[in-house]
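User: Hello! I am new to this structure and would like to get to know it through a few questions. Could you walk me through it?

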Amino acid sequence: MVKHWNYENDDVVLGALRGLVALNPAVSLIPSEKVVFNKNHKSKVAIISGGGLGHEPLHAGFVGDNLLDAAVAGTIFASPSTKQIMAGVKATADKQKGVIAVVKNYTGDVLHFGLVAERAKRDGYKVELVAVLDDVAVGRTQNEMVGRRGIAGTALVHKALGAASAQEGAELEQLAQLGRSVNDALVTMGASLDRTTVPGRDSDEGEVTGENTAELGLGIHNEPGEKLHPIPKASELVDLMYKRLLDKNDKERHYLDFGDNDDYVLLINNIGGTSSLELYALANYAISRVPLKKKPSRVYISDFVTSLSSPGFSITLLNLNKAATETYTKEDVLGFLDAPTNAPGWKPKIYSDEQWQKPEPEIKELPVAHGEYPKLDAKVDGAAFGELLKRAMELLISKEPEITKYDTQVGDGDCGETLKNGAEAILKALSSDKQFKENLNDLVATVSAITEIVEDKMGGTSGGIYAIFLTSFAKNLQQAKSIDVKLVSKALSDALYEGLFKYTKARKGGRTLVDTLQPFVDTLVETGDVDQLVKAAKESCDNTAKLQAKFGRASYVNEEEFAGGVPDPGAVGLLAIIQGFLNK
């Protein structure tokens, strides 16, 4: 995203911290030093961290019970100063108990936190520094001077240390060993569709990934990654990420072995701009394609360590067996991750270990009552009816680009695709569903089957309207002893006025598909003349170009947006069905 809100000359970092603190009564803010700390912290080994903002909820969002005692904020993507970090130490640390500073392995963060560690030791504090370096995107020889970067795995180090330090008798050296052991048991790989942009800065035209291109292993400060063009299939991308994470033959990147019986945690991280829908879809690939013998002991899916609005995700694996130390078992580490916290940034829900270990129940598909429809004694010419239905669906499909164009201008752009999906499903039933074809001479059974298809294949408002209307139409036909224009007219009218209109206030003039449906039904009842009813439906449909919408998304569009006349997409779609079916 290249647009941001205008904060004028306000300090967006301080404003963000004030907003965060406002939602959590357990934390306080030192505004001058931009330090968020747990005001209810106990006398224990303090766990502090920090770095540049832009990675929320890291770090300030992880301040709370069983997590960080303090977080120190620099400017966006920039390390805090030593003065700020020292303020965090003094706000939370007991000299005798000591403090652990957890730092992502970036030069500025390591230097500033390292300098504070030395000064704090000079002042009588016991201090340990734990650097997180879980990013395996760059090979060993390529980054041997500085080591791997710290990314999403940082959240797991925070959580493990924060909960462990809250245990009675926890000691500084043992906790530091735990932090380093957890770090050594972590691997992370990220991918994104594009870089991010920083509020208050002009967009850098050079910092873009490119059209139909993704980046693998890019950094959380806009460091470039490996270009993947074209954008790979999600399954292929996840497989590639696991290869980089776990391939024992890749000596350049491989950092962590997994034994067949090793327990592990799987974390899928939103790097910032991935929608929840896509994050869960990507997580499904990550869970189902993990190339390890055992299922994960825990699955975490959320935003943990972001890069502002970067539209990416990362996969982290924590080997619990290798995270264990002489003091803490793998069960202890898992318990620390499970420990409840009031920190707003830690979003995983708490479930018991028994719930996690309980095998998933086998879900059997319920039998579908396909074909179990009411039967009608009065029959029609099934072959002829099938040809009319086929022609109507083919005309509707041919109109899809036009309908989509209109809906893109005044709606959300999906009306054409929705109608096309329904039409294609009906055509498929006509060509390959034996039972559907056998029922074509039974109007009630056929309309009921079409209703089932509409419900299954068409979403949104239009799918609901069609399903209600057709269901009511089929119900009104059930007692018919013969099929004629008068009886069908009454059944359609009852389906409209006593069926559909009970569930929607849409009427002719409201700029919906009802603008085509209502005059069609009314004229059929009044005249029984095919030419007249098609003419009435078309005139009313065309007139929607002059109307302001009263329903649906189009009702939120300014009237000026309709300049030039844009007919209602749903009305156009229904007109195509009518014209195709009646060969008009």
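Analyst: Happy to help! Here, a contact means heavy atoms within 4.5 Å. Please keep in mind that this is a predicted model.

User: Thanks! Which residues does Thr316 touch, not counting residues up to four places away in sequence?

Analyst: Let's place the residue before listing its neighbours. Thr316 sits in strand E12, which covers residues 312–319. Leaving out residues up to four places away in sequence, its contacts are Ala152, Gly153, Leu156, Leu186, Val187, Thr188, Val265, Leu266 and Leu267.

User: Is Thr316 buried or exposed?

Analyst: The cut-off for buried is under 20% relative accessible area. Thr316 has 0% relative accessibility, so Thr316 counts as buried.

User: What is the length of the polar contact between the side chains of Thr316 and Thr188?

Analyst: Thr188 is among the residues that Thr316 touches. The two side chains are also joined by a polar contact, and its length is 2.7 Å.

User: Which residue does UniProt give as "active site"?

Analyst: This comes from the UniProt record, where the entry is unreviewed. The position lies in the loop between strand E8 (214–216) and strand E9 (226–228). The residue given there is His221.

User: Is His221 buried, partly exposed or exposed, and which residues does His221 touch?

Analyst: Partly exposed covers the range between under 20% and over 50%. His221 has 21% relative accessibility, so His221 counts as partly exposed. Not counting residues up to four places away in sequence, His221 touches His55, Phe77, Tyr106 and Ser307.

User: At what angle do helices H11 and H20 cross?

Analyst: H11 spans residues 382–398 and H20 spans residues 569–581. Their axes come within 7 Å, and the crossing is right-handed. The angle is roughly 145°.

User: How do the residues of the contact of H11 with H20 divide into nonpolar, polar and charged?

Analyst: On the H11 side, the contact includes Phe385, Leu388, Arg391 and Met393. On the H20 side, Gly573, Ile577, Gln579 and Phe581 are among the residues involved. Taken together, the residues of this contact divide into ten nonpolar, three polar and one charged.

User: Where is the cis peptide bond with omega near 15°?

Analyst: In general, most peptide bonds are trans. A cis bond with omega near 15° leads into Pro57, a residue in the loop between strand E3 (46–53) and strand E4 (70–76). The bond runs from Glu56 to Pro57.

User: What is omega for the cis peptide bond that joins His229 and Pro230?

Analyst: Pro230 lies in the loop between E9 and helix H6 (234–246). The bond joining His229 to Pro230 is cis, and its omega is about -5°.

User: What is the phi of Glu8, and is Glu8 buried or exposed?

Analyst: Most residues other than glycine have a negative phi. Glu8 is not a glycine, yet its phi is positive, at about 55°. Glu8 lies in the segment before helix H1 (12–22). With a relative accessible area of 68%, Glu8 is exposed.

User: What is the phi of Asn212?

Analyst: Asn212 lies in the loop between strand E7 (186–192) and E8, and Asn212 is partly exposed with a relative accessible area of 40%. Its phi is positive in a residue other than glycine, and the value is near 55°.

User: One last thing: how far apart in space are Ser81 and Gly312, C-alpha to C-alpha?

Analyst: Ser81 lies in the loop between E4 and helix H2 (82–92). Ser81 and Gly312 are 231 residues apart in sequence. In space, C-alpha to C-alpha, they are 29 Å apart.

Key. Residues numbered from 1 in each chain as written. Predicted model: local features only at pLDDT ≥ 70, side-chain atom pairs only at ≥ 80, totals over all residues. Heavy atoms only, no water. UniProt positions renumbered as here; feature names shortened; annotations may be inferred. Helix = DSSP H or I, 4+ residues; strand = E, 2+ residues; numbered from the N terminus. Buried < 20%, exposed > 50% of the residue type's maximum accessible area, 1.4 Å probe, protein only. Axes fitted to C-alpha atoms, helices over the stretch in contact; angles between N-to-C directions. Left-handed = near helix turned anticlockwise from the far one by under 90°. Nonpolar A, V, L, I, M, F, W, Y, C, P; charged D, E, K, R; others polar. Polar contact = N/O pair within 3.5 Å; in protein donor to acceptor, adjacent residues only side chain to side chain.
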